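Me: Hi! Could you walk me through this structure before I set up my next job?

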Amino acid sequence: MVAEHKIDRQKLISGHNPVLTEIATDAPLTVGNGELAFTADITGMQTLYEEYQELPLCTMSQWGWHTKPVSREKYNYTLDDLVMTEYVNREGRLLKYPQDKKVGNEDVYNWLRENPHRLNLVRVRLQWEEESISAEDITGVRQELVLYEGILYSEFQIRNNACRVRTACHNEGRDILAFSLESEALKEKKISIVLDFPYGASDITASDWTQNDRHRTTILQTSDEKMLLWRQLDRDEYYAGIYAQGGKIRKEGSHTLRIFANGEKLDISIALGKQKEQAECLSAQEVMNASKRGGRRFWERGGIIQLNKSADPRARELERRIILSQYLMAINSSGSTPPQETGLTCNSWYGKMHLEMYLWHCAWLPLWHQEELLDRSLAWYREHLQQARENAARNGYKGARWPKMIATEGVDCPSNIAPLLVWQQPHIIYMLEMAYRRKRNRRFLEENWELVKETADFMVDFVGWDPVKKVYSICAPVIPVQECHKAMDVCNPAFEVEYFRDTLRIAGWWAERLGREKEELWEQVAEHMAELTEKDGVYLAHENCPTTFTEYNRDHPSMLGAFGLIDSDRIDRTVMDNTLQLVEECWKYPTLWGWDFAMMAMTAVRLGKPEKAIELLLKESPKNCYVTSGNNRQTGRKDLPLYLPGNGSLLLAAAIMAAGYDGCDRQTPGFPDDGQWIVEFENIDPLPGTSPVSIAGYEPCQPH
């Protein structure tokens, strides 16, 4: 059933504010704006930093990176210093990839993997009588993250002394944190706020607290209430401006500040940036107000789904995951660079971005009318097009090849898997098309045309012509979405062949919209791309994998994505249905990743199985766990205490479940029509199909 009245968004969202009444080291709460994020313990700061080893407490940004010098004599390595792994493909082309760690070249390989790494900018904590506070000192905890405002409210007692803290991040174009502390213990100077600045590290904490002599914290300007710092870590630098209203700042040691209050209230703000002018502080109240305005704008502008009037007992939990995922993706994964898998919360893979996850992080944004947030990272692709061209040219290919694992410079990172992946290649075309359907703007087409063209040019040069089968193939050496396959065994992986075909057709539509002559090779490859391999009534992972469901029944069942994410007109629905059923029966669920459940649910929706979609999306499994904070936790992976591609894919699945897809003739196709579900949604568009869309001919589905 679909309700027809306007949703009270603030009421709906407030019903899912995370509330903690005790220490939860697996679910600390975060405030942020997409460029800067601060993760807090139950004091609203990072007071219990040592206790939170399960999910480290960090202050991270899109722009804050550190490169550790190789030695005193040499600052860095490049790919020219790396011994490459060589292959010869079916056409006889010699290919070189930064894949294997060669004997004698280990230092180069390891350094390139770990540098640059994302940096923890500052730690903010409370102390009692200038000593560290432990968990045993804190009682009476109640902490609530007010999602609509983006403000974290914390109440607790330190040794029976009541404290109230508000924590926020500016949400209107500035990277400023704010903390407001109230306690009678402040005026007695028993409580102080301490700021610590670490050296950089490539590990999950992004912090090295043992290298005091390897970085500088220099005071540029100072007064009782204000201080401007210049932070220098080897060749990296940034600025920090501190404003303590009702307090006094003093420097202690090399990299620590202490702030005492003059009375019972202390407001501090910390402005951070790569440029000195970005470290100009506002008051804590101004930051709080900007957080509220930005939060309200985000929630009222974008899409929303309400399920809490449903009788089905699963509705409340699904609604919670959807609401919290929107918040988490906005503050972690909607900034000026493609996000890392743990966003701005802690480091994963040294803080580097994984471009194959870009789609799962961000493809939901235009469907939920948040395309302005996607624009931030689309600009990164335009700015790094030259590096992608160089990556393609390294092996003699035309166009631009997008790597998998990168830092800010956009250079391919050594890995035994990453350099041989290609499923990230079409993402930018697919997502640009989604954004265009929202914008309907010729200027947007022109601005991004070069991205589409260069990306497609690589794709048609990368595939090879099979003169026997008379098809274009994606063949060895390549590692598919399901990374457990050997590179030289793979031919025509199921998801990739359909994704290449789909996005090459989209590239052709862009040329038509702009009045450009169509690239004949794009159309030719799309029309003659190899199809998915079928055997015994099911689709295989790739052409050379008859043991898909016996030996390779682990990791991503990516053949399902060829009719979940992609609305392919070549898919046999009965065969895909059989494939989904067999995956359910035999797949090793603990090996799945967070986004697999959403992908499978999307396939179930397209197959007309809404009950199956709900079941898969909420399936109890180690990597489909959603903790109190809303983070998708990959249970069993200490390196991934949160996994944002799971949250982003959930929102993509929720869009197709509520708004459907192009050509869908059923309302809310992902929810059972059994009288148990009342589904209300606003400002969500259907998932795009594969039919050409003219500049004037596309009208998105109206919200219900």
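**A chat about the fold**

Me: Let's start inside. What does L195 touch, leaving aside its neighbours within four places in sequence?
Reply: Happy to help, and keep in mind that this is a predicted model. L195 is in contact with V122, R123, V124, I242, H255, T256, L257, I259, I268 and I270, once neighbours within four places are left aside.

Me: And which residues touch the most other members in the largest nonpolar core?
Reply: I193, L195 and W368 do, in a core of 217 residues. Another core lies apart from it, with ten residues that include Y243, C281, A284 and V287. As a general point, nonpolar side chains in soluble globular proteins tend to be buried together.

Me: I193 sounds handy as a landmark. What stands opposite I193 in β20?
Reply: That would be I259. Strand β15 covers residues 191–196 and strand β20 covers residues 256–261, and the two pair in the antiparallel sense over four bridges.

Me: What sheet do they sit in, and in which order do the strands come?
Reply: An open sheet of five strands, ordered β10-β9-β15-β20-β19, with antiparallel pairing. At the edges are β10 (131–132) and β19 (247–252), each of which pairs on one side only.

Me: Switching to D267: buried or exposed?
Reply: D267 counts as buried, because its relative accessibility is 11% and the cut-off for buried is under 20%. D267 is part of strand β21, residues 265–273.

Me: An Asp in there, hm. Which side chain does D267 make a polar contact with?
Reply: The side chain of S180, at 2.6 Å. Not counting residues up to four places away in sequence, D267 touches F179, S180, L181, Y243, A244, Q245 and A284. Two of those names came up before: Y243 and A284 are among the members of the ten-residue core.

Me: Where does S180 sit, and what is its bridge partner?
Reply: S180 is in β14, where it is the bridge partner of R166. Strand β14 spans residues 176–182 and pairs with β13 in the antiparallel sense over six bridges.

Me: Does R166 show up elsewhere, then? What does it pair with besides S180?
Reply: R166, in β13, is also the bridge partner of Y153. Strand β12 (residues 151–158) and strand β13 (residues 161–169) run antiparallel, joined by seven bridges.

Me: What about the turns? Which residues take a positive phi in those hairpins?
Reply: R159 does in the hairpin of β12 and β13, with phi near 50 degrees and two residues between the strands. In the hairpin of β13 and β14, which has six residues between the strands, G173 takes a positive phi near 95 degrees.

Me: New topic: R573. Where is R573, and what does it touch?
Reply: R573 lies in helix α14, residues 573–586. Not counting residues up to four places away in sequence, its contacts are F563, R606, L607 and G608. R573 counts as partly exposed, because its relative accessibility is 43%.

Me: How far is R573 from S207?
Reply: Their C-alpha atoms are 51 Å apart, with the two positions 366 residues apart along the chain.

Me: Last one, the big picture. What are the overall numbers?
Reply: The chain has 17 helices and 31 strands. Its radius of gyration is 26 Å, which agrees with the value near 27 Å for a compact globule of 704 residues. The C-alpha atoms fill a box of roughly 85 × 70 × 50 Å along the principal axes. Buried residues make up 65% of the chain, while the exposed area is about 25000 Å², with 44% of it supplied by carbon and sulfur atoms.

Notes: Residues numbered from 1 in each chain as written. Predicted model: local features only at pLDDT ≥ 70, side-chain atom pairs only at ≥ 80, totals over all residues. Heavy atoms only, no water. Buried < 20%, exposed > 50% of the residue type's maximum accessible area, 1.4 Å probe, protein only. Polar contact = N/O pair within 3.5 Å; in protein donor to acceptor, adjacent residues only side chain to side chain. Contact = heavy atoms within 4.5 Å. Core = buried A, V, L, I, M, F, W, Y, C linked by side-chain atoms within 4.5 Å. Pairing = 2+ DSSP bridges. Rg over C-alpha atoms; globule rule 2.2 N^0.38 Å. Areas by Shrake-Rupley, 256 points an atom, 1.4 Å probe, with all protein chains shown as cover.
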